[in-house]
Amino acid sequence: MDRLFEFMLPEAKSPTADSTDALFHFINEVSLVLLIGITIALIYFAIKYRRRSEDDETPVITHNNTLEITWSVVPLLICFVIFGWGYTGWLNLKSVPDNAYEIQVTGFKWNWSVKYNNGAQTLNEIHVPVDRPVKIVLQSSDVLHSFFVPDYRVKHDVVPGRYTYVWFEANEVGESQVFCTEYCGTDHSDMLAKVIVHTEEDFQTWLEKNGGGVSGTPVEQGEQLVQLQGCTTCHSDDGSRLIGPSFKGLWGSEETLTDGSTVTVDENYLRESILNPGAKIVESYDNVMTPYEGRISDEEITNIIEYLKTLK
Amino acid sequence: MATAEVSNTKTLKVQRFKPADNPTNTYLTDEKGVWAWMTTVDHKKIGIMYLVAVAIFFAVGGALALLLRTELMTPAKTFIEADTYNQLFTLHGAIMVFFVLVPSIPAALGNFIMPMQLGAKDVAFPKLNLASFYIYVAGAIFTFIALAQHGLDTGWTFYTPYSTESSSSVIWVTMGVFILGFSSILTGTNFITTIHKMRAPGITWGKLPLNVWALYATSIIQVLATPVLAITVLLLTMERWLGFGIFDPALGGDPVLFQHFFWFYSHPAVYIMIVPGFGIISEVISTFSKKTVFGYWAIALSSLAIAFIGFLVWGHHMFTSGQSAVATTVFSFLTFLVGIPTGIKIFNWIATLYKGSIKMDTPMIYVFIFLFLFSIGGFTGIMLGALSVDIHLHDTYYVVAHFHYVMMGGTLIALLAGLHFWWPKMTGKLYNEKLAKIASVFIFVGFNVTFLPQFVMGAQGMPRRYYNYVDQFTAFHQTSTIGSYLLGVGFLIILYYLMHSLFKGAKSPANPWGSRGLEWQATSPPDFHNFDHTPVVIHGPYDYHQPMEEFQLGLAVDTNGHDSETAKEVVDKEREQWKNYSLG
């Protein structure tokens, strides 16, 4: 039976899972005992007291105080235990250790953008050191999302306009899946990420190598930026149609908008479409892109435009 | 006490009215024709019209579910696009909740049966009852307009700011839900008044059928909670349409506030859906055990307790939302309290079976299925109420499985029990018992094959509302899809034999189950005015130790059902006398 319950949960890879798993098993065991009892009673009564004749007479049993108080109070006490257990476990999930390593994660349709304390940036990959508490500070730049790592039993909604957080302490090197669990539109189910757990040494090396963010010529920086900002989730660079128009051949082309007017793709159109995408939507596409106003600097926009010019 | 009752009935010239097994005049033979049906104020006809509407919506919602399950056969695209999928699950949820589960038992079966159980000729406000039905239709039309336009892709929960920004036809649906709410409020008001004012002589609060107690508790929730939903969708509409900043942070609003508003209605709405089911279970289990219900008052009052506590637990939908820690703690605690009255009911029903005379006809089979499935729904609800565990399980398939065990394994199975129980009363026809039992096996097996795997994959981390999923969940999803097809077959069998019964079924006697319920002391199908006399009740509705004759008493009325002044005087006088026997 224990093996069945263990099969139901993914392998626990953080101490934040301990209390949750123990309570999960406890409730399952109590429930199973009660369910078996109920089922046996149902079947036993149905057979033993089956109708033998339409003139059967049944005893008048209206109530039984002892019995009724027992089956009210005992479940109530069990519920108090479950409440207390769940509450303490949850307090632990809320109490971040003081020495936690902090990482900033921003959810937006449909990617996770990750920033580290030395300026390193990744998209949909959260690199963390093993055996060290990590605090993920969450924010959203569009609608609600929810950050869920089953292996660590942590989840929190990512709410526009406020910060939320989760913490965990990965206890083995490897990868863990991150899901978005608050419905956020077309590609909600593809809004995935990985927590990549390194040894402390490897993590420091990785951090140094990626510190300072993007680098190189403006075009090279632009190419890195369209990856990091998640642009390529919806805009291909090879002409294939995704959620938004492809970048290939975009520069200098003439596009028909949803209101029937046309526009030539130049610097100002691209800039407007990054900061306020809803202003001019290309025909046959939906207005679903997150505005980048406040999330990207003028220099970064310029670099991205320089890169787009090269995609002929 | 018994002697006192007998002497009273004699002085009031109460006589026995044995219902005829072959009635010539019934509600189906009076007022025939489409126009007569459409303008009827007869609670029975209105109940049937609701039943047909609910069945149509259930077929639509069920077909959507099968499309969803088919898409989930493979981890990536199977046959529809992501945007279509998102619309399908939204519509499945919205249709099943607002157009099927909420009106199903109270407005369809409740409308038909409840006035008869009270010995009344109709509900208190028959015209209002008809208005409720047309308001429901108007709400449905708005929703269909939305479908014809851009559909709806927000999930049935309409969470902001996604619903503020969505390019689908949110306003049409929110207006549909707004209108629909009035139908629910009016039905609730009507029922409360009916139960207070229209009980036949002798029906004290202590002799009220448990089905009526359940509908009473439900009506209270409908009247108190539904206006909050109306306000919420109105605010959402104002935000979308006029740009008022209420929920969208971009306009200075708070998205968590929307969740509070939404669940303030939608959690009590869960009890609007399930509590009427409890009523049916009590009626059926007592009839098919030929036995007094164990713990009458515990079952009756626990419905009211659920109605009350149900208002104080909405925050348990929001443990991960960012609501305050104090709120989260309090909501978790209260959630466990609402579980207790539900558990009490289950134990009482099982105790009713003890030393009964149990006949496993189709309605009783559905009661057994209900007790098994709903128990699982309850236990997994306790699991989700536990704070730390809910953090892991929230918004996964575990939650999906849980609420299907409660809403489908509970409400819908209870509806099937009630439909099979009252079908002979409503139509005057019997259905094919053998096919009905075969269908119930399909429903039971199909249901568990569909939803048990969802508990496991949910606990393993599979999030809900996912069009694509990671490969490890494939086997669970495929099992679940196969189960949903079995369920579909089960419902088709039910449709077949019920239609067959309607047109070619054998004639039903007035009381095929030997029930002591007052509705069974009318003919099948009932007279246009339910009874052509004023029923007089001296025993409780579950007093199977009393002879059947004593459940068929009444006062003759000379005006074919319409209360004459003299009859009214007799009844009023009688009511005064019976007041002394309250809680008897």
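**Exercise 1. Work out how many residues of chain A are in contact with how many of chain B, and which elements of chain A take part.**

Step 1: count the pairs whose C-beta atoms, placed from the backbone, lie within 7 Å. That gives 72 residues of chain A against 74 of chain B. Bear in mind that this is a predicted model, where local features need pLDDT of at least 70, side-chain atom pairs count only at pLDDT 80 or more, and totals for chains, interfaces and linings use all residues. Residues are numbered from 1 along each chain as its sequence is written, with chains lettered from A and ligands numbered from 1 in the order in which they are written.

Step 2: map chain A's side onto DSSP runs (helices: H or I, at least four residues; strands: E, at least two; numbered from the N terminus). Elements supplying at least two residues each include α2 (18-48), α3 (65-94) and β9 (174-180) of chain A. The largest share, 15 residues, comes from α3(A).

**Exercise 2. Describe how α4(B) and α9(B) pack.**

Step 1: fit lines to C-alpha atoms over the stretch in contact, with angles from 0 to 180 degrees between N-to-C directions. For α4 (residues 82-117) and α9 (residues 255-289) of chain B, the angle is about 40° and the axes are 8 Å apart.

Step 2: pick out the contacts. Among them, α4(B) brings Leu101(B) and Gly110(B), while α9(B) brings Met273(B) and Pro276(B).

**Exercise 3. Find the edge strands of the β1-β3-β2 sheet in chain B.**

Step 1: strands pair if DSSP finds at least two bridges between them; β2(B) and β3(B) (residues 553-556) have three, antiparallel.

Step 2: β1 (15-16) and β2 (533-535) of chain B each have a single partner strand, so one side of each lacks a neighbour in the sheet.

Terms used
Two residues are in contact if their C-beta atoms, placed from the backbone, lie within 7 Å.
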